[in-house]
Amino acid sequence: MKRIFAQFTKELVQFQRDRLTLALAFILPFMTLLIFGFAIRLESKNIPLIVQDFNRTNISNSYIERLYATNQFMPTQWSGNDPVRDAIDRGIAKAAIIIPPQFSRDVQAGRNTTVQVLIDATDVNNARVIKNSIQRVTNFFMQEQGLITFNNSVTPRIRLWFNPGRLESLYIVPGVYAVVLWIFPSLLTAISMVREKEKGTILQLYASSISATELLLGKGLAYLLIAILQAFIVMGLGSLIFQVSLVGNSITLLIGTLLFLTDSVLFGLLFGVRSSNQNAAVQSVSVIGFVTSLLLSGFIYPISNIPFPISLMPNIVPARYFINITRDAFVRGTGWAGVWFDLVVLIVFGLVFFDITRRALGRMQLPY
């Protein structure tokens with residue numbers, strides 16, 4: 001324990017002396033939280049829409065007002081030989097609606113009429129949202145004009161659970177916690193481990209009486225303490241800025257966070273042991289850790305949408321399981337029943353990372 005504590009103290013002292021490392025530990029996670037929290041938006045809003053009205057009557061104006069009343073579309077003005085085509089071709093508008101001259105006459109006569117809708121489908125998801133929204137507005141307008149009557153015997157009464165206001169921050173911010181707390185603790189730990197090699201101090205450790213397990217525990221505990229401080233800062237600021245409050249069991253969140261941070265630190269130690277310089281360590285942790293935690297964890301894209309065989313990879317991404325824990329704690333509030341499996345998996349990841357790192361470091365040590 002004395003050797004572990006001595007290694008633990010040495011790491012904290014070295015960490016305090018390096019201002020660049022301090023910035024990496026506390027400033028960059030906060031900036032990442034702000035960028036992801038404010039920049040990522042899954043719901044399409046303010047979609048530029050151009051309307052070419054050849055009818056110019058009160059009925060056509062009413063239809064146009066219904067379109068913009070959804071708050072999804074933003075009116076866009078464009079002039080040219082063909083304003084509709086030019087606006088879409090140049091990316092000024094994402095959709096265009098052409099109302100024919102006989103629109104109001106057909107509506108008043110109860111006859112079917114046609115409204116032409118042109119949609120930029122470069123972004124498939126955005127095009128689907130535009131199509132569905134215009135279809136719903138058109139159906140509502142036709143019902144309002146008496147062209148469609150609904151006499152269904154089944155009336156759905158819809159209630160949104162967990163997030164009735166459809167706040168995107170409740171979905172994005174808990175996921176950001178997982179991405180930030182996976183990347184930065186592992187980066188700090190990997191850099192610290194590789195720095196020992198570059199400065200040659202790792203040879204002193206190899207020649208000393210400290211074992212591989214004691215070295216990993218001392219170094220890992222120091223950076224685990226730093227990671228816990230990062231977690232408190234990131235989650236605290238995230239709750240204040242984005243108004244994301246705890247609704248579930250705080251014990252599951254505390255245990256899950258501690259296990260996840262331990263996995264992150266051990267992940268950094270693993271790549272620090274296997275890398276020969278800081279550039280290689282940073283690139284390895286950034287590429288493998290960041291890409292998987294961002295794209296294969298369910299942070300933005302549902303895991304069910306990932307095709308086989310890549311769909312097998314999220315099973316070995318620890319951020320996936322911690323996102324379940326954070327979203328349960330800040331959104332659903334299920335508690336132990338909903339996250340016990342995720343906690344067990346994080347424990348297994350920690351044991352595997354520690355064993356692989358210990359074996360790799362043990363082979364590198366000098367024999368007595």
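Is T76 buried or exposed at 13% relative accessibility? Keep that in mind; the tour comes back to T76 after a look at the whole model.

**Before you start**

You are looking at a predicted model, in which local features need pLDDT of at least 70, side-chain atom pairs count only at pLDDT 80 or more, and totals for chains, interfaces and linings use all residues. Residues are numbered from 1 along each chain as its sequence is written, and side-chain values use heavy atoms, with hydrogens and water left out.

**The whole protein**

Show everything as a cartoon. You should find 13 helices and four strands; these are DSSP runs numbered from the N terminus, with helices being H or I of at least four residues and strands E of at least two. The radius of gyration is 28 Å, well over the 21 Å that the globule rule gives for 368 residues, so the protein is more spread out than a compact globule. (That radius is taken over C-alpha atoms, and the rule is 2.2 Å times the number of residues to the power 0.38.) Turn the model around: along its principal axes the C-alpha trace spans about 100 × 50 × 40 Å. Of the 368 residues, 45% count as buried, where buried means under 20% relative accessible area, exposed over 50%, and partly exposed in between (1.4 Å probe, protein chains only).

**Stop 1: strand 1 and its partners**

Select residues 47-53, which form strand 1; five of its seven residues are buried. Now add residues 73-75, strand 2, which pairs with strand 1 in the parallel sense over three bridges. Two strands pair if DSSP finds at least two bridges between them. Within this pair, L49 has P75 as its bridge partner. Next, add residues 95-99: this is strand 3, parallel to strand 1 and joined to it by five bridges. Here V51 stands opposite I97.

Show residues 58-68 as well. This is helix 3, which makes a right-handed β-α-β unit with strand 1 and strand 2. Right-handed means that, with the strands pointing away from you, the path from the first strand over the helix to the second runs clockwise.

**Stop 2: T76**

Move on to T76, in the loop between strand 2 and helix 4 (83-89). Here is the reply to the opening question: T76 counts as buried, because its relative accessibility is 13%. Leaving aside neighbours within four places in sequence, T76 is in contact (heavy atoms within 4.5 Å) with P48, L49, I50 and I92. A polar atom of the T76 side chain also lies 3.4 Å from the backbone oxygen of M74. That is a polar contact: a pair of N or O atoms within 3.5 Å, where within protein one must be able to donate a hydrogen and the other to accept it, and residues adjacent in sequence count only if both atoms are side-chain atoms.

**Stop 3: helix 11**

Select residues 278-295. Helix 11 has 18 residues and reaches 25 Å from its first C-alpha to its last, close to the 26 Å expected, a span given by 1.5 Å times one less than the number of residues. At its N-terminal end, N277 acts as a cap, with a side-chain oxygen 3.2 Å from the backbone nitrogen of N279.

Colour A281, V285, G289, T292, S293 and L294, which are buried. The buried residues of helix 11 pack against helix 2 (19-39), helix 7 (169-199), helix 10 and helix 12 (318-332).

Finish by zooming in on S293, which counts as buried at 0% relative accessibility. Its side chain reaches the backbone oxygen of G289 at 2.8 Å. Among the contacts of S293 beyond four places in sequence are V179, W182 and F299.
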